[in-house]
Amino acid sequence: MVSLNPVQILRYGAEEEKSETARMSSFVGAIAIGDLVKSTLGPKGMDKILQTSSNNETIQVTNDGATILKSIGVDNPAAKVLVDISKVQDDEVGDGTTSVVVLACELLKEAEALVSLKIHPQTIITGWRKAVDAARKALTDAARDNGKDDVKFREDLMNIAKTTLSSKILTQHKDMFAKLAVASVLRLKGSGNLDAIQLIKKLGGNLSDSYLDEGFLLDKKVGVNQPKKIENAKILIANTPMDTDKIKVFGSRVRVDAVSKVAQLELAEKEKMKGKVEKILKHGCNVFINRQLIYNYPEQLFSDAGVMAIEHADFEGVERLALVTGGEIVSTFDCPEKVKLGTCDLIEEIMIGEDKLLKFSGVALGEACTIVLRGATQQILDEAERSLHDALCVLSQTVKETRTVFGGGCSEMLMADAVNKLAAKTPGKEAVAMEAFAKALRQLPTIIADNGGYDSADLIAQMRAAHTNGKHTIGLDMERGRIADMSELGITESFQVKRQVLVSGAEAAEMIIRVDNIIRAAPRQRMPDHRHH
């Protein structure tokens with residue numbers, strides 16, 4: 001006789017959510033994440049305070065979507081997918097991190113309504129895929145390319161930098177920071193190597209005191225009695241311990257039968273240090289920069305030889321220094337002929353606020369430069385650095401992919417209009433999914449208008465009418481709270497960023513809507529610790 005008892009398939013402690021419950025759980029988690037960050041969208045978006053509860057409590061004030069989502073602990077699997085797409089967007093193009101999450105969230109809101117109308121998720125996905133193709137085609141057709149005309153392209157880059165910075169803390173000084181960002185990216189001559197651009201944050205002054213400095217700045221001081229200024233520098237960059245290469249035996253002891261023997265040991269250590277310094281000097285360098293400590297005795301030997309010695313340079317600084325001066329990071333010094341020294345025309349000490357820094361001018365990598373950020377508090381400096389980094393990433397992408405599109409919600413309305421026109425020609429339930437996709441795209445300018453405290457229903461209706469009549473450059477003027485021509489206002493965005501937002505947001509939403517089962521593994525059983533009994 002067949003037993004009617006339920007069969008336990010999953011291990012004890014594992015959980016399973018099925019069909020509607022699983023889908024609802026995914027929708028709720030993803031929509032909650034979207035609602036969390038959507039108030040930061042646009043030039044009038046608000047900031048969030050992120051507070052850690054560790055011993056050394058830190059506070060971040062930011063409106064950067066990727067930073068917010070990276071900092072919050074998320075347990076819901078669908079929410080984790082949205083956190084991941086914002087991270088990928090940040091790594092890929094540097095900006096649009098909030099937009100991509102909000103688009104995915106709005107698509108899932110629409111999908112929730114369609115699923116409740118008994119439309120199958122696969123039908124929704126088919127409609128969405130057609131909608132993405134139509135939207136991408138419309139965006140590509142509307143893109144402009146001024147890559148061949150240097151004057152117009154520089155103007156495009158300035159407009160993109162201003163548009164990117166207008167939603168950040170730097171919006172009050174966006175003209176100045178846009179010039180800094182464009183000047184530093186154009187110095188790269190198309191290489192897109194952002195490591196050559198260094199950002200240094202110094203407390204004091206205000207944001208408008210920030211400036212671009214050619215060459216490289218190292219946040220270190222010169223050793224005692226050493227030259228403060230060196231011309232035609234030959235730089236040896238090292239990552240080596242200077243306190244003698246001891247054989248480190250754990251728990252070892254040295255026993256001596258007289259104090260004089262201790263003096264002999266010290267002397268032997270000094271001789272080893274001296275030997276190492278002599279090996280270093282054989283390289284013909286007049287500047288020695290070490291990642292680790294140098295200590296007093298070697299420092300004195302370097303002073304006697306007229307060599308500038310700089311100790312404890314942070315690893316990122318050493319790596320960037322090796323890149324810009326054309327040198328190599330060395331750990332052993334037995335083969336001077338094989339070591340490549342870095343070069344620069346002049347090394348000198350400069351003052352920023354109350355701090356002394358070393359300035360390397362005329363470095364081998366001519367495109368290297370440093371942006372010095374000043375600000376009243378550490379939080380302002382951190383947020384300014386994030387904002388400027390986003391702008392630099394977008395500009396370096398635009399130098400490679402020179403096409404641009406209009407911002408201010410204009411591109412989203414343009415894509416929504418193209419999707420609606422396709423939906424009108426499409427028979428069957430897929431058309432409903434396409435209309436839902438267009439509605440989700442229109443939600444982005446709606447949220448931007450709402451965040452500015454404007455009447456979004458009226459503004460979006462005006463924009464929709466303008467785009468339907470073929471005026472595809474109409475977008476939101478957030479300064480005056482009305483619709484305007486984006487080409488006149490110069491509100492420009494990178495084509496690459498917009499395309500990535502569209503594709504990533506749609507793919508993430510599609511992935512979440514496919515889910516019909518969530519299985520959580522059983523937690524690992526903790527065994528009692530019997531080791532000390």
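Ser504 is found in helix H16, which covers residues 495-513. The structure described here is a predicted model. At 11% relative accessibility, Ser504 counts as buried, because the cut-off for that class is under 20%. Leaving out residues up to four places away in sequence, Ser504 touches Ile85, Gln89 and Val100.

## Single residues and their surroundings

Thr140 belongs to helix H5, which spans residues 121-142. Thr140 has a relative accessibility of 30% and therefore counts as partly exposed. Apart from its neighbours within four places in sequence, Thr140 is in contact with Arg403 and Phe495. The second of these partners, Phe495, is 355 residues away from Thr140 along the chain, yet their C-alpha atoms are separated by 7.9 Å.

Leu301 is part of helix H9, residues 296-304. With a relative accessibility of 15%, Leu301 counts as buried. When residues up to four places away in sequence are not counted, Leu301 touches Lys274 and Val277. A further distance concerns Met273: Leu301 and Met273 are 28 residues apart in sequence, and their C-alpha atoms are 9.6 Å apart in space.

The table gathers the accessibility of several residues together with the element in which each one lies.

| Residue | Element | Relative accessibility | Class |
|---|---|---|---|
| Ser504 | helix H16 | 11% | buried |
| Thr140 | helix H5 | 30% | partly exposed |
| Leu301 | helix H9 | 15% | buried |
| Asn232 | strand S8 | 54% | exposed |

## Helix H13 and its two partners

Helix H13 comprises residues 430-451, and helix H14 comprises residues 456-468. The axes of H13 and H14 come within 9 Å and cross at roughly 140 degrees. That angle makes H13 oblique to H14, because an angle has to be over 145 degrees to count as roughly antiparallel. The crossing of these two helices, H13 and H14, is right-handed. On the H13 side, the contact involves Arg442, Pro445, Thr446, Ala449 and Asp450. These residues meet Ser456, Leu459, Ile460, Met463 and Arg464 in H14. Sorted by class, the residues of the contact between H13 and H14 divide into 5 nonpolar, 2 polar and 3 charged.

Helix H5 also packs against H13, at an angle of about 55 degrees and with the two axes 8 Å apart. H5 and H13 are therefore oblique to each other. The crossing in which H5 passes H13 is right-handed. H5 contributes Thr123, Ile124, Thr126, Gly127, Trp128, Lys130, Ala131 and Val132 to this contact, while H13 contributes Glu430, Ala433, Met434 and Phe437. By class, the contact of H5 with H13 has 7 nonpolar, 3 polar and 2 charged residues.

## Aromatic pairs

The count of aromatic pairs comes to 3. One of them is formed by Phe216 and Phe360, whose ring centres are 5.9 Å apart. The planes of these two rings stand at 70 degrees to each other, and the pair is edge-to-face, because angles over 60 degrees fall into that class. Phe216 lies in strand S7, residues 216-218, and Phe360 lies in strand S13, residues 355-363, so the pair ties together parts that are 144 residues apart in sequence. Is the pair buried or exposed? Phe216 has a relative accessible area of 1% and is buried. Phe360 has a relative accessible area of 0% and is likewise buried.

## Two residues with positive phi

Most residues other than glycine have a negative phi. Against this background, two residues deserve mention. Lys118 has a phi near 70 degrees, which is a positive value in a residue other than glycine. Lys118 is placed in the loop between helix H4, residues 97-116, and helix H5. At 69% relative accessibility, Lys118 counts as exposed.

Asn232 also has a positive phi, near 50 degrees, and is a residue other than glycine. Asn232 lies in strand S8, which covers residues 229-238. With a relative accessible area of 54%, Asn232 is exposed, because the class begins over 50%.

Conventions: Residues are numbered from 1 along each chain as its sequence is written. This is a predicted model: local features need pLDDT of at least 70, side-chain atom pairs count only at pLDDT 80 or more; totals for chains, interfaces and linings use all residues. Side-chain values use heavy atoms; hydrogens and water are left out. Axes are lines fitted to C-alpha atoms, for helices over the stretch in contact, and angles run from 0 to 180 degrees between N-to-C directions. Helices (H or I, at least four residues) and strands (E, at least two) are DSSP runs, numbered from the N terminus. Angles under 35 degrees count as roughly parallel, over 145 as roughly antiparallel, 65 to 115 as roughly perpendicular and the rest as oblique. A crossing is left-handed if the near helix is turned anticlockwise from the far one by less than a right angle, and right-handed if clockwise. Contact means heavy atoms within 4.5 Å. Ala, Val, Leu, Ile, Met, Phe, Trp, Tyr, Cys and Pro count as nonpolar, Asp, Glu, Lys and Arg as charged, and the others, Gly among them, as polar. Buried means under 20% relative accessible area, exposed over 50%, partly exposed in between (1.4 Å probe, protein chains only). Rings of Phe, Tyr and Trp (its six-membered ring) pair if their centres lie within 6.5 Å; planes under 30 degrees apart count as stacked, over 60 as edge-to-face and the rest as tilted.
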